[in-house]
Amino acid sequence: MKRAMVGSSSLLGFLLVVSLLVVPSSGQANASSTSSSVNSPLIANVTGRTAISLDGTWNTIVDPYETGMGSRFYENAKAKTKSDLVEYDFDRSPKLRVPGDWNTQRDSLLFYEGVIWYQRYFSYPKRAHIRTFLYFGAANYRARVWLNGNKLGEHEGGFTPFDFEVTDKIGDGENSVVVEVDNSRRADGVPGLHTDWWNYGGLTREVQLVEVPETFIESYAVHLGKNGSQIEGWVQFNGPRQKNEVTVEIPEIHLKRATLVDPAGRAVFGFPAKVELWSPENPKLYRVIISGEDDRVSDEIGFRTIEVRGTQILVNGKPLFLRGICMHEEAPFRSGRAFSAEDDGTLLRWAKELGANFVRLAHYPHNEEMIRLADRMGLLVWEEVPVYWDIDWQNPATLENAKAQLRDVIARDQNRAAVALWSMSNETPISPERTAFLKTLADYARQLDSTRLITSAMNRVEHAGDVRTFNDPLGESLDVLGLNEYIGWYEGRPEDADRAQWKFAQEKPAIISEFGGSAQYGLHADAETRFSEEYQANLFQHQLAMLQRIPELAGMSPWVLMDFRSPRRFLPGIQDYFNRKGLISDRGQRKQAFYVLQKFYQEKQPLGAAGP
Ligand code: GCB
């Protein structure tokens, strides 16, 4: 037993058993193998680590008949004599950029769903006492990875990060990495066979080699305790040996505390601290430095509380109406999967211009930088896993897959003050199996992160004349109810909203997580004409007037910030495979409805449950 030091002078009251032996962490590390054979711990905050980027151009082979496995493409073989038969050659194959979806890099790949093999060489200076991980920001949808012909593992799920430890497999000097990426839709996948967004395939986010010491900080959570006066959290080490202490430092408030690490490499801490709170109006971030004996990680972290009281959402103890907008991770101007700081910045600046304090990042985890930027810009975030429409509710492997995606996005973003809500699903048809599946997910999310609110976007409504009752049994398992409704687009006329009265089966905060209608930018007609800007603007007017009459309302996120590609939108000259419900066109032009919502967000406050 031993006492750890608090700051430089006082003593910390934590007494923990100390051991010099630390086993690799269990929780996250081993759980990573549930739906995929990824056995490496998922390293948190890769941007704060020493890393070598493998972004750039990769050699690629389009393999529609999935010949590559049988032909052992992963060996990257070369004919050694003139009579050797090798029927592929990465070196002479066309290239694709990484990060990037393949669909928008080559015309012939726009609709492609299947396998593409990626290969590149890199040189690496191997050093003693350094552990190396090959880290992928995301690969849609399934990836199998080999280094120098040795299989590292595979991963399923198109929007979450994964890594493989390559310390023993990486060579000093030249190496070759091969990745088979398959974006075939699967009935047992998450999402399943049908989505209303483009199935962008490829290595869609960054690829890097991350270097850490032998015993390193695998993951950590640092947040404001529920009472608002204490900074709490945990640090998880991974490696053979660890000094008995970890230090958490917030230089700006002269805070430096040491905490003991338990034999499993975990330290749990909590100490009083007075911090300036993070909020949408004041997105204050502090530099937080976590140091063990050999490793040190620095992060920018905001401190705030979020909770519900009756039908209100409270941020830092005060009711806040979420003035939101939904968005896809779709690149402005060029169309395709967004991945760069420039793409993210444009989208979030548009949300700010609209007057939003909240974004619903539909329908899957967006790139990590998007969340970090929201943190810096003061935008609360709804993050979602792609449990979308119908999936294989009765399949245990599908549930494990959804849980793995949830676990990994929480592991990646749990230190972002911006993240207010974890969403389990979108518009899932009600059945006992579905409700049980989503309840399991909601319980799991709470177990992993008790500091945020759990929600889902639902759409079951019971009609009795003009009274609409939102009633989904899943609501029992949630903190906040998300409701998608399309009065005036899929249902009736925009004016029907004037008579609609809303009731909610559960007394909980409700967010209208979607409403909207399509308009082609520049198409002008009267407000009766579908796809005209006037129709969409009129629909927004009626919707907003209706939403103002719902006292339970805690927020809204209309559908959607920008037009996005969708394989189910066929109308020539209008849709052309784009969902046109954007308030901004895919070329960045603001439609009339943009200004209707902007005016509403600027003028009408406070709203709904956050009102007086
Ligand atoms: C919805 C879905 C969203 C679609 C949207 C639409 O209810 O949640 O993914 O894109 O409607 O435009 O139909």
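Guide: In this predicted model, two strands count as paired if DSSP finds at least two bridges between them.

Visitor: What makes β21 and β22 a pair?

Guide: Pairing needs at least two bridges, and two bridges join strand β21, residues 312-315, to β22, so the pair meets the criterion. The two strands run antiparallel, and L314 has P319 of β22 as its bridge partner.

Visitor: In what order do the strands of this sheet stand, and why is one side of β20 and of β22 left without a neighbour?

Guide: The order is β20-β21-β22, in an open sheet of three strands with antiparallel pairing. Because β20 (306-309) and β22 (318-319) lie at the edges and each has a single partner strand, one side of each has no neighbour in the sheet.

Visitor: How do you know that β7 and β10 are paired?

Guide: Strand β7, residues 130-136, is connected to β10 by four bridges in the antiparallel sense, and since the criterion asks for at least two, the pairing is satisfied. One of the residues concerned is Y135, whose bridge partner in β10 is D163. Both strands belong to an open, antiparallel sheet of four strands, ordered β3-β12-β7-β10. At its edges stand β3 (50-53) and β10 (162-165), each with a single partner strand, so that one side of each lacks a neighbour in the sheet. On average, neighbouring strands here are turned by 30 degrees against each other, direction ignored.

Visitor: Why are helices α6 and α7 called roughly parallel?

Guide: Helix α6 (residues 533-547) and helix α7 (residues 592-603) pack at an angle of about 20 degrees, with their axes 7 Å apart. Angles under 35 degrees count as roughly parallel, and the two helices are therefore described in that way. Their crossing is right-handed.

Visitor: Which residues make the contact between α6 and α7, and what is their character?

Guide: From α6 the contact is made by E533, E534, Q536, A537, F540, Q541 and L544, and from α7 by Q592, A593, V596, L597 and F600. These residues divide into seven nonpolar, three polar and two charged.

Visitor: What is the average pLDDT of the chain, and where is the pLDDT below 50?

Guide: The chain averages a pLDDT of 93, and 93% of the residues score at least 70. Over residues 1-35, however, the pLDDT is below 50, although this stretch has 91 contacts in the model beyond near neighbours in sequence. As pLDDT expresses the predictor's confidence in each residue on a scale from 0 to 100, those contacts should be read together with the values below 50 for that stretch.

Technical notes
Residues are numbered from 1 along each chain as its sequence is written. This is a predicted model: local features need pLDDT of at least 70, side-chain atom pairs count only at pLDDT 80 or more; totals for chains, interfaces and linings use all residues. Side-chain values use heavy atoms; hydrogens and water are left out. Axes are lines fitted to C-alpha atoms, for helices over the stretch in contact, and angles run from 0 to 180 degrees between N-to-C directions. Angles under 35 degrees count as roughly parallel, over 145 as roughly antiparallel, 65 to 115 as roughly perpendicular and the rest as oblique. A crossing is left-handed if the near helix is turned anticlockwise from the far one by less than a right angle, and right-handed if clockwise. Contact means heavy atoms within 4.5 Å. Ala, Val, Leu, Ile, Met, Phe, Trp, Tyr, Cys and Pro count as nonpolar, Asp, Glu, Lys and Arg as charged, and the others, Gly among them, as polar.
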